[in-house]
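Hi,

Here is the structure I said I would pass on. Have a look at it first, and then read my notes underneath.

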Amino acid sequence: MGSTKAQESPIDTGAPVDHDPGNDSITAALDVIGDRWSLLVLRGVFRGLYRFGELRDDLGIASNLLTTRLKRLVDEGILDKVEYCERPARYEYRLTPAGRDLSPVLVSLMQWGDLHRNDGQQPTVLAHVQCGAPIHNINQCSHCRVGVDPVDIRRMEHN
Ligand SMILES: [Zn+2]
């Protein structure tokens, strides 16, 4: 009959955490992408690194760690494992629609890092792959005036 048990009871409607959909949604999202390596793997895929070796070399991640992250992202419906070679069987990892929807999350993290943790470096500029114009609003290319597909966004190189 302690207070802790009362808070966990399903008939106790007074617990705000259980009834705040925003809070639950963030928790659910973090269950999928709250892991540092998982986010970095996704960053790589958004940058066009689709194959195991490419991601491993880019991240400097141990193969077993990359294997578990890729499997989890596939299991969670964020990445599709697509065979690109039959003999021998080789696979690459492509973003699902749910994975593409994480683009604003990664862009926001990048922009926050540029703003608050950039050590005096120039902020990252994103560009539309098709025309090369810088993208200020990730929902629309300022040059083409069309919606930008998340996989068509690349970092511009500073000269
Ligand atoms: Zn454009």
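Below is what I found, going from the overall layout to the core, then to one helix and one hairpin.

First, a caveat: this is a predicted model. The protein has seven helices and five strands, and along the sequence they run α-α-α-α-α-β-β-α-α-β-β-β. Of the 159 residues, 11% are buried. As for contacts between residues with a separation of 6 or more, 36% of them link residues 24 or more positions apart.

Now the core. The largest nonpolar core is made of 11 residues, among them Val41, Leu42, Val45, Leu55, Leu70, Leu73 and Tyr93. Which elements give two or more residues to this core? They are helix H3 (36–46), helix H5 (63–75) and strand S2 (90–95). H3 gives the most, with three residues. If you want a single residue to click on, try leucine 55, a member of that core. Setting aside its neighbours within four places in sequence, leucine 55 is in contact with Val41, Gly44, Leu49 and Leu66.

H5 is the helix I spent some time on. It has 13 residues and reaches 18 Å from its first C-alpha to its last, close to the 18 Å expected at 1.5 Å a residue. Its buried residues are Arg69, Leu70 and Leu73. Looking down the axis of H5, you will see these buried residues fall within an arc of 100°, so they line one face of the helix. Two of these, Leu70 and Leu73, also belong to the nonpolar core, while Arg69 is an arginine that is buried on H5 as well. What covers the buried residues of H5 includes H3, strand S1 (79–85) and S2. Turn the helix round, and the face away from its buried side carries the exposed residues Asn64, Lys71 and Asp75. Just after H5 comes glycine 77, which takes a positive phi of about 80°.

That leaves the two strands that help to cover H5, S1 and S2. How do they pair, in the parallel or the antiparallel sense? The pairing is antiparallel, over six bridges. S1 and S2 form a hairpin, with four residues between them. Across the pair, aspartate 80 stands opposite arginine 94 in S2. S2 also ties back to the core, as one of the elements that give two or more residues to it.

Shout if you would like to go through any of this together.

Cheers

Terms used: Residues numbered from 1 in each chain as written. Predicted model: local features only at pLDDT ≥ 70, side-chain atom pairs only at ≥ 80, totals over all residues. Core = buried A, V, L, I, M, F, W, Y, C linked by C-beta atoms within 7 Å. Buried ≥ 20, exposed ≤ 12 C-beta atoms within 10 Å, placed from the backbone. Contact = placed C-beta atoms within 7 Å. Expected span 1.5 Å × (residues − 1). Arc of directions from axis to C-beta. Pairing = 2+ DSSP bridges.
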